[in-house]
Amino acid sequence: DWTAESFVEQTVQHLRQRLGNDRVVMALSGGVDSTVAATLVHQAIGPNLFCIFVDNGLLRKDEFEEVLHSYQDMGLNIKGVDAKEHFYKALAGLTDPEAKRKAIGKSFIDIFDQEAHLIEEVKWLGQGTIYPDVIESVSINGPSATIKSHHNVGGLPDFMKLKIVEPLNTLFKDEVRAVGKTLGIDPKILGRHPFPGPGLAIRILGEITPEKVAILQQVDAIFIGGLRKWNLYEDVWQAGVMLLPVQSVGVMGDERTYESVVALRAVTSIDGMTADWAHLPYVFLAEVSNEIINRVKGVNRVVYDISSKPPATIEWE
Ligand code: XMP
């Protein structure tokens with residue numbers, strides 16, 4: 001019978017044998033999979049695991065600092081890399097969703113390649129690939145999978161010549177969470193909603209600017225914070241906010257305003273392949289909407305997305 005305890009024991013032992021004194025480099029995303037994979041490798045080889053966590057400027061509010069600190073607390077040998085400007089530059093002027101994804105994927109590879117070169121004699125690339133990624137092999141840009149899905153971007157970066165180690169590639173998500181729990185990883189990390197690799201870039205419809213990112217981060221923090229405060233976070237599979245490229249008329253005092261519209265999105269799902277919009281309580285939506293409009297400058301209208309997947313997708317881009 002499969003148990004998380006025996007999986008951890010066997011995997012750590014196996015990794016130790018396989019990796020010996022070799023050095024491993026891994027990109028972490030703050031998500032469940034890469035965190036659990038890194039923790040296993042770390043248990044096996046300690047400081048010979050070199051972790052890289054990239055700030056692409058498209059993460060949730062304060063997320064880079066918070067996640068970096070929790071990685072440091074876990075004892076991981078982790079380097080935080082501020083690459084915000086690199087990503088914003090690559091995204092400037094782009095509006096097509098696939099073009100944005102490609103620019104992000106390529107920027108990520110550039111940064112990762114540059115950082116991996118700074119580590120001497122690294123032999124392995126660790127990845128948080130899980131079993132569904134193996135069978136699906138869809139294009140995902142998250143650090144765990146980006147590296148594979150962008151082979152075609154202008155020749156192979158050097159780090160792709162590394163040997164691959166993927167300790168979770170036989171597990172399903174719930175098993176990964178069980179392993180993470182056994183490893184003592186913070187439940188807040190293990191219980192996190194999925195978050196797309198391209199981050200807020202695919203929730204800002206149209207062109208990305210640092211100003212729009214800042215607005216969306218504020219709105220998103222109010223929505224997600226509200227879900228936690230109302231104990232609704234665990235009832236939904238994923239939640240986020242879309243910043244629409246639309247201005248609408250509003251009124252503030254005796255002035256007319258002409259500002260942005262945001263769409264709240266929350267879904268229930270098993271695996272993200274199909275999803276239903278979450279039937280969140282009206283009182284909750286009312287409170288969140290008021291708070292957003294009162295506190296976030298530049299937003300004067302909030303709508304709630306009541307579309308299911310299919311035919312609507314979870315993200316709007
Ligand atoms: P959709 O929008 O297709 O999303 O219903 C299904 C799940 O996949 C995530 N998603 C992505 N994840 N790179 C990722 O790493 C992407 O380009 C991407 N697009 C969508 C989405 O957040 C949801 O969990």
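**Close-up views of a predicted model**

**View 1. Phe108 sits in helix H5, which spans residues 97-117.** This is a predicted model, like everything shown in the views below. Is Phe108 buried or exposed? Phe108 has 26 other C-beta atoms within 10 Å, so it goes down as buried. For a sense of scale, pick Ser308 as a partner: it is 200 residues away from Phe108 along the chain, and the two C-alpha atoms are separated by 31 Å.

**View 2. Two domains share the chain: domain 1 covers 4-190 and domain 2 covers 203-304.** Measure from centre to centre on the C-alpha atoms and you get 29 Å between domain 1 and domain 2. How many residues does each domain bring to the contact? Domain 1 supplies 10 residues and domain 2 supplies 9 residues. On the side of domain 1 that touches domain 2, the mix is 4 nonpolar, 3 polar and 3 charged residues.

**View 3. The largest nonpolar core takes in 79 residues.** If you want to know where to click, Val24, Val41, Cys51, Val219 and Val262 are the ones with the most contacts inside this core. Which helix gives the most to the core? That would be helix H2 (residues 32-45), which puts in 8 residues. Domain 1 (4-190) and domain 2 (203-304) both give residues to the core, so it lies between them.

**View 4. Val41, one of the core residues with the most contacts, with its partners from elsewhere in the chain.** Skip anything up to four places away in sequence, and Val41 still touches Leu15, Val24 and Met26, along with Leu49 and Gly126. Val165 and Pro167 are also among the residues that Val41 touches.

**View 5. Val262 in strand S7, the stretch from 255 to 268.** With 27 other C-beta atoms within 10 Å, Val262 is buried. Once neighbours within four places in sequence are set aside, Val262 is in contact with Val219, Val241, Met242, Leu243 and Leu244, and also with Ile292, Val299 and Val302. Take Leu243 from that list: in sequence it is 19 residues from Val262, yet their C-alpha atoms are 4.7 Å apart in space.

**View 6. Helix H1 (residues 4-19) packs on helix H8 (residues 173-182).** The axes are 9 Å apart and the angle between the helices is about 75°. That angle falls in the 65 to 115 degree window, which means H1 is roughly perpendicular to H8. Which residues do the meeting? From H1 come Ala4, Glu5, Phe7 and Val8, and from H8 come Ala178, Val179, Lys181 and Thr182. Sorted by class, the contact of H1 with H8 has 5 nonpolar, 1 polar and 2 charged residues.

**View 7. Lys181, a residue of helix H8.** How buried or exposed is Lys181? Its count is 13 other C-beta atoms within 10 Å, so Lys181 is partly exposed. Leaving out neighbours within four places in sequence, Lys181 is in contact with Ala4 and Leu190. Val36 is 145 residues away from Lys181 along the chain, and the C-alpha atoms of the two are separated by 9.2 Å.

**View 8. Asp62 and Asn231, two residues with a positive phi that are not glycine.** Most residues other than glycine have a negative phi. For Asp62 the phi is about 60°, and for Asn231 phi is near 60°. Where do they sit? Asp62 is in the loop between strand S2 (49-55) and helix H3 (63-73), while Asn231 is in the loop between helix H10 (210-229) and strand S6 (238-252). Asp62 counts as exposed because it has 10 C-beta neighbours inside 10 Å. Asn231 is exposed too, with 8 other C-beta atoms within 10 Å.

**View 9. Cis peptide bonds at Pro310 and Pro311.** Most peptide bonds are trans. Lys309 and Pro310 are joined by a cis bond with omega of about -10°. Between Pro310 and Pro311 the bond is cis as well, with omega of about 5°. Where in the chain does this happen? Pro310 is in the segment after strand S9 (299-304), and Pro311 is in the segment after S9 too.

Definitions and conventions:
Residues are numbered from 1 along each chain as its sequence is written. This is a predicted model: local features need pLDDT of at least 70, side-chain atom pairs count only at pLDDT 80 or more; totals for chains, interfaces and linings use all residues. Axes are lines fitted to C-alpha atoms, for helices over the stretch in contact, and angles run from 0 to 180 degrees between N-to-C directions. Helices (H or I, at least four residues) and strands (E, at least two) are DSSP runs, numbered from the N terminus. Angles under 35 degrees count as roughly parallel, over 145 as roughly antiparallel, 65 to 115 as roughly perpendicular and the rest as oblique. Two residues are in contact if their C-beta atoms, placed from the backbone, lie within 7 Å. Ala, Val, Leu, Ile, Met, Phe, Trp, Tyr, Cys and Pro count as nonpolar, Asp, Glu, Lys and Arg as charged, and the others, Gly among them, as polar. A nonpolar core is a set of buried Ala, Val, Leu, Ile, Met, Phe, Trp, Tyr and Cys residues joined through C-beta atoms within 7 Å. A residue is buried if 20 or more other C-beta atoms lie within 10 Å of its own, exposed if 12 or fewer, and partly exposed in between; C-beta atoms are placed from the backbone. Domain bounds come from an automatic or database domain assignment.
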